[in-house]
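Thanks for coming. I have one structure to go through today, and I will keep to what can be read from the coordinates.

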Amino acid sequence: MMNKGRIFSGMQPSGRFHLGNYMGALENWVRLQHEYECFFSIVDLHALTSSYADTSKLQENVMEMAIDWLSAGLDPEKNVIFVQSHVKEHAELALLLGMSTPLGWLERVPTYKDKIRDLEGTNKDLHTYGFLGYPVLMAADIMLYKATCVPVGEDQSAHLELTREIVRRFNYMYKKEVFPEPQAVYSKAKVLPGIDGRKMSKSYGNTIPFGASPEELWQQVRMMTTDPKRIKKTDPGDPEVCIVYQFQKVFNTEEANDIAAKCRAGEIGCVQCKKCLAEKMNCMLADIHLKREELSKKPEYIKEVLEYGGKRARVEAEKNMAEIKAAMNIW
Ligand code: TRP
């Protein structure tokens, strides 16, 4: 079943991973590893494009992300799991691709100006060469392994489109089909709101940490916003405005309809509904929690896994880099 092609994907190690990140991307990767040959990279160089000034947490974040991936069930034998900066060819290819990538292409990426504006007034100044070049580095990631497929969320589709343009241009300029045009692999995105109903985000303080213990999980579920008009259990509730119901639909698919009907009829109280959700979430996440606890105690093992992945990635990267340089007549 490993015949569907080669995947490359990456995630920035930017701090504590949460359940929204897991449902949005990692859960898909765990499924895709059985169907594709996969390269999964912790893209620490990408993290530097916006967090270049304070790197004090970088190593720790890389380790945490590796622990998250392994506890979610990514298999380090089946997949090549590695740290981007351990393979210097990412930087080398980004430099070469940067020679021919028009500034206009980069300035037109829809998220580019938005992100700069979002961070204005904070201590992050993104008027930098590195930040403008973010999509070139991402193209280099994908192209270095000649990946044919990239699992991406909505937010990354413009970046992938740019990668495809860079591929076409390269193959045309140097008159050799060095790179395949990578295709997006979209999967049904399960979007989880934060516990207050806004987007789940560390900066809002409304996240559920990935690998939460049953107690932590209950703390967060208990705080979830419900229908504000519902005061007593017998008041008819509106599940559509209730965050608990959003979660029931994801974690308790069989009972979600039934619970909604009971809520509308005023037959189930919010606390009971929350208890039931927390129980279902625990069933799904208990193994991940235990695995995470166990792996957190074995930093040496995690380092070994990343070294092993780095070695395997370098074999492929060196081989392809030689071909790329030959096509460009670089001696
Ligand atoms: N830009 C991606 C993100 O922020 C991370 C990333 C870096 C990536 N390189 C990649 C994703 C290559 C897919 C393929 O989510």
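I will start with the ligand site, then take the helices, the loops and the cysteines.

Before that, one caution: this is a predicted model.

So, the ligand. Which residues are around the ligand? Going along the sequence, they are F8, S9, G10, Q12, V43, H46, Y134, M138, D141, I142, V150 and Q156. By type, that shell divides into 6 nonpolar residues, 5 polar ones and 1 charged one. As for where the shell comes from, strand β1, residues 6-11, and helix α8, residues 134-144, each supply at least two of its residues. The largest share is that of α8, with 4 residues.

Now the polar contacts to the ligand, where three side chains come up. Y134 has a side-chain N or O atom 2.6 Å from a nitrogen atom of the ligand. For D141, the distance from a polar side-chain atom to a ligand nitrogen is 2.7 Å. For Q156, again from a polar side-chain atom to a nitrogen of the ligand, the distance is 2.9 Å. On its own the ligand has 370 Å² of accessible area, and the protein covers 88% of that.

One more residue of the shell deserves a word, and that is S9. S9 sits in strand β1. Is S9 buried or exposed? S9 counts as buried, because its relative accessibility is 6% and the cut-off for buried is under 20%. The S9 side chain also has a polar atom 3.5 Å from the backbone oxygen of P151.

Next, α8 itself. How many of the residues of α8 are buried? The count is 11 of 11, so the helix is mostly covered. The buried residues include Y134, M138, D141 and I142, and those four names also appear in the list around the ligand. On that spacing there is a general point: an α-helix has 3.6 residues a turn, so residues three or four places apart point the same way.

Just after α8 comes K146, which takes a positive phi of about 50°. K146 is not a glycine. As a reminder, most residues other than glycine have a negative phi. K146 is placed in the loop between α8 and β4, and at 23% relative accessibility it counts as partly exposed.

Further along is α9, residues 157-173. This helix has 17 residues and reaches 24 Å from its first C-alpha to its last, close to the 24 Å expected at 1.5 Å a residue. Its buried residues are H159, L160, L162, T163, R164, I166, V167, F170 and N171. Note that R164 and N171 are in that list along with L160 and F170.

What follows α9? The answer is K175, with a positive phi near 50°. K175 is not a glycine either. Its place is the loop between α9 and β5, residues 183-185. With a relative accessible area of 74%, K175 is exposed, whereas K146 is partly exposed.

On the other side of α9 there is G153, in the loop that runs from β4, residues 149-151, to α9. G153 is partly exposed, at a relative accessible area of 33%. From G153 to A286 is 133 residues in sequence and 26 Å in space, C-alpha to C-alpha.

For a second pair, take M281, which is found in helix α13, residues 270-296. M281 is buried, with a relative accessible area of 0%. M281 and K303 are 22 residues apart in sequence, and their C-alphas are 30 Å apart.

Last, the cysteines. How many disulfides does a search of the whole structure find? It finds 0. For C38, the nearest cysteine sulfur is that of C149, 9.3 Å away. C38 is not in a disulfide, because a pair has to have its sulfur atoms within 2.5 Å. C38 is buried, with a relative accessible area of 1%. C242 is in no disulfide either, and the nearest cysteine sulfur to it belongs to C273, 5.9 Å away. C242 also counts as buried, at 10% relative accessibility.

To go back to the ligand before I stop: the side chains to look at are those of Y134, D141 and Q156. That is everything I have.

Definitions and conventions. Residues numbered from 1 in each chain as written. Predicted model: local features only at pLDDT ≥ 70, side-chain atom pairs only at ≥ 80, totals over all residues. Heavy atoms only, no water. Buried < 20%, exposed > 50% of the residue type's maximum accessible area, 1.4 Å probe, protein only. Expected span 1.5 Å × (residues − 1). Near = heavy atom within 4 Å. Polar contact = N/O pair within 3.5 Å; in protein donor to acceptor, adjacent residues only side chain to side chain. Areas by Shrake-Rupley, 256 points an atom, 1.4 Å probe, with all protein chains shown as cover. Nonpolar A, V, L, I, M, F, W, Y, C, P; charged D, E, K, R; others polar.
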